[in-house]
Amino acid sequence: MEERTRVRGLTGLKALFHKELADHLRSRRFLILLLLIGGTGIASLYGAISGLSDVEDSNYLFLSLYTTSGNSIPSFMSFIALLGPIIGLALGFDAVNSERAGGTLNRLVAQPIYRDSIIIGKFLAGTAVIAAIIYTMGIGLGAVGVIVTGVKPSGEEVWRILVFLTFTVVYVAFWLAISIWFSVVCRHAATSALASIALWVFFAIFMSLVSNIIANAVYPVGDDYHAMINSYNNYTLNLGLNRISPYYLYSEAVSTIMNPTVRSVNIVTMDQLVGAVSGYLSLGQSLLLVWPHLTGLAALMLIAFGGSYIGFMRQEIRTN
Amino acid sequence: MKETYQNACADLPESVCKTIGGGTGMSENNRNVIEIAHLTKQYGDKRAVDDLNLSIRRGEVFGLLGPNGAGKTTTILMLLGLTEPTAGTALIEGLDCARHPLEVKSIVGYLPDNVGFYPDMTGRQNLRFTGQLNGLSGKELEERIDGLLERVGMTEAADRRAGTYSKGMRQRLGIADVLIKDPEIIIMDEPTLGIDPEGMRELLNLIRELSVEDGRTILISSHQLHQIQQVCDRVGIFVEGRLIASGTLSELEEQILKDGSYLLEVNVHPCDDKLLGMLSAQEGIEKIQKEGNTFLITSKQDIRGQLTKFLGEKEYTILHLHQRGGDLDEIYRRYFEKAGQNDERNDYEEKKKHGWKHGRKNARQGADRA
């Protein structure tokens, strides 16, 4: 009796994590995602190799495999920035509401486990699957690149790629958390899928238009006079608004990390350029440059997960 | 304990309380497994559960009866610590359900209404997952799963995907799922809903078995009276968040009859309005209703003998004569009337009266209504 009533917090979480992981890996959804990401990976590698001859800078050639576009095929980096969210959304959009609809949530919460281990288990399992996909694809792409082109990666390049992949996992996990949040709030899986896709499309496509409109309204640059006094502020505001979008934040951060020639992410005045010696940034300096981006996106991910966590914990369990 | 019951039936005539209180007094040394005191749950303006007091003894099968929306599920959720009570306490084995939900849930098995399983996993995998959540593993778990599948008759279908199961199979797997943790107390929410008669018989046998052979305490919530009266030791009638009566079937029945309204069904030939007039003039008859060819006669005492003689003298042939009462359906109806539910639920009652004559059909109607 005493042994039975002992609190078993971690046991429940472990069992839930394993079950969710097995669910994901066995599902057709996972296979489709793998094909999608695999296909884009191969396509982007093909584009990169054909565009490689046009790369002027022969240093950091290996990184160009990830960042070069050619034959009008986007680079792996921009592909992932655009399609990565799909992985997160697909894995999470029905996390909670399908359990609710299927009557399994009732059964689950009646077991002697902490209620939060249900949602933590789902998030961790989803993130594990995301990490598996991203690292496999990223490292696999590099491996194929080595074989095909014969370009050897330097130590720093390997580190840069690992930072890039890790950050991609955080980015996709953010979208996973968002879709889990929607699955807590929305009753039907279809609603939560649509809502999270809408958010993704907004950030990926419309956010830049919206921030442009706002920036132009606040700091008009219509004629020469206004352009002269307002263009600096206009650009800064535009950039600031754009950075609200996780898509932009991520793109900016990873293009800095994967491209050692990027020396600034903000507007640079002529003053600042005077006497500057052109050269590469070390990995540490690149990281420093986008550190606010990295922490910002990690914070966004935690906020999104926190939202779904609180939403789930406060929700009534009853189905009707 | 007596006090608890006094509260439970504060609105009822004293005689009821006496009956019920007396019933529990006999087994005072039997410790109560579930103790609910002044439990209240408020949703906005609506009181889902209103000052509920209830004790359930070890090893008994208790039926919580009431129409949909009476607050049965809310009560159950509070017992499991899944919903916070607005006021009052619920104790299971002396543990406060709101404060120690984990300990409570490890000794209570809960079979929700419309129990669901992960459709892509087999029945066995579903059970294994529940076992793991309860900290079981390895050989012990596998043996227990095999034993339970055997017990609920699901061995054949165990390795099929749960998505292909019928409602009855899901219900049986649900019982195996509840038993995985070897609970002392089992709570079932509407277990008989939407099950065919054969499945129902098996289910009721299983419930009996769990109570008698395993000695588990079972709490069943339902609005389907016929099924419940076959297995319950005691029932509580629950309307609009209040427990308006509780006790064994015979106690409730006795109480109803003591209240002095006998209801007699009479079917005679020829069936004419003249008889209606003559009967109304008879002594002892309070009210006569005509339903089709059947007269419903309400009286203060048993007038069967008197009536037979009277009808014989007037040369009427008695085709059907039946004293209502004695089954849960009737008891249920009477208590509703008493609780002032009658007007609101005329439609409901009408259906029930109809269903009453057709026995089995009643169950089906219950399901439709749900």
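A crossing of two helices is left-handed if the near helix is turned anticlockwise from the far one by less than a right angle, and right-handed if clockwise. The legends below apply this convention to a predicted model.

**Figure 1. Helices α5 and α6 of chain B meet in a right-handed crossing.** The view shows α5(B), residues 123-133, packed against α6(B), residues 138-151. Their axes are 10 Å apart and form an angle of about 130°. This angle does not exceed 145 degrees and lies outside the range of 65 to 115 degrees, and the two helices are therefore oblique to each other. From α5(B), the contact draws on B:Arg124, B:Leu127, B:Arg128 and B:Gly131. Facing them in α6(B) are B:Leu141, B:Arg144, B:Ile145 and B:Leu148. By class, the contact comprises four nonpolar residues, one polar residue and three charged residues.

**Figure 2. Helices α9 and α15 of chain A pack in a roughly parallel arrangement.** Helix α9(A) spans residues 155-185 and helix α15(A) spans residues 291-314. The two axes come within 8 Å and cross at roughly 25°. Because angles under 35 degrees count as roughly parallel, the pair is assigned to that class. The crossing of α9(A) with α15(A) is left-handed. On the α9(A) side, the contributing residues include A:Phe167, A:Tyr171, A:Phe174, A:Ile178, A:Trp181 and A:Val185. On the α15(A) side, they include A:Leu294, A:Leu297, A:Met301, A:Phe305, A:Ser308 and A:Phe312. The contact has 19 nonpolar and three polar residues, and no charged ones.

**Figure 3. Helices α5 and α10 of chain A run roughly antiparallel to each other.** Residues 76-92 form α5(A), and residues 189-218 form α10(A). Their axes come within 11 Å, with a crossing angle of roughly 165°. Angles over 145 degrees count as roughly antiparallel, and the description of this pair therefore follows. Helix α5(A) passes α10(A) in a right-handed crossing. A:Leu82, A:Pro85 and A:Leu89 represent α5(A) in the contact, while α10(A) supplies A:Ser196, A:Ile197, A:Trp200 and A:Ala204. Six of these residues are nonpolar and one is polar; none is charged.

**Figure 4. Chain A and chain B share an interface.** In this view, 21 residues of chain A are in contact with 25 residues of chain B. On the chain A side, the elements that give two or more residues are α1 (2-5), α2 (9-26) and α7 (104-109). That side is made up of seven nonpolar, eight polar and six charged residues. The model scores ipTM 0.83 and pTM 0.80.

**Figure 5. B:Glu93 and B:Glu190 each adopt a positive phi in a loop of chain B.** Most residues other than glycine have a negative phi. B:Glu93 has a phi of about 50° and lies in the loop between β4 (87-92) and β5 (95-96). With 20 other C-beta atoms within 10 Å, B:Glu93 is buried. For B:Glu190, phi is near 45°. This residue is placed in the loop between β7 (185-189) and α8 (197-212). B:Glu190 counts as buried, having 22 C-beta neighbours inside 10 Å.

**Figure 6. B:Ile207 is a buried residue of helix α8 in chain B.** It has 24 C-beta neighbours inside 10 Å. Leaving aside residues up to four places away in sequence, B:Ile207 touches B:Val61, B:Ile218 and B:Val231. B:Leu275, by contrast, is 68 residues from B:Ile207 in sequence and 48 Å from it in space, C-alpha to C-alpha.

**Figure 7. Chain B contains 15 helices and 14 strands.** Of its 370 residues, 41% count as buried. Among contacts in chain B with a separation of 6 or more, 68% join residues 24 or more positions apart. The mean pLDDT of chain B is 77, and 78% of its residues reach 70 or more. Over residues 1-29 of chain B the pLDDT is below 50, and this stretch has 41 contacts in the model beyond near neighbours in sequence. Residues 341-370 of chain B also have a pLDDT below 50, with 27 contacts beyond near neighbours in sequence. Where pLDDT is low, the predicted coordinates should not be read in detail.

Note on methods. Residues numbered from 1 in each chain as written. Chains lettered and ligands numbered in written order. Predicted model: local features only at pLDDT ≥ 70, side-chain atom pairs only at ≥ 80, totals over all residues. Contact = placed C-beta atoms within 7 Å. Helix = DSSP H or I, 4+ residues; strand = E, 2+ residues; numbered from the N terminus. Nonpolar A, V, L, I, M, F, W, Y, C, P; charged D, E, K, R; others polar. Axes fitted to C-alpha atoms, helices over the stretch in contact; angles between N-to-C directions. pLDDT = per-residue confidence, 0-100. Buried ≥ 20, exposed ≤ 12 C-beta atoms within 10 Å, placed from the backbone.
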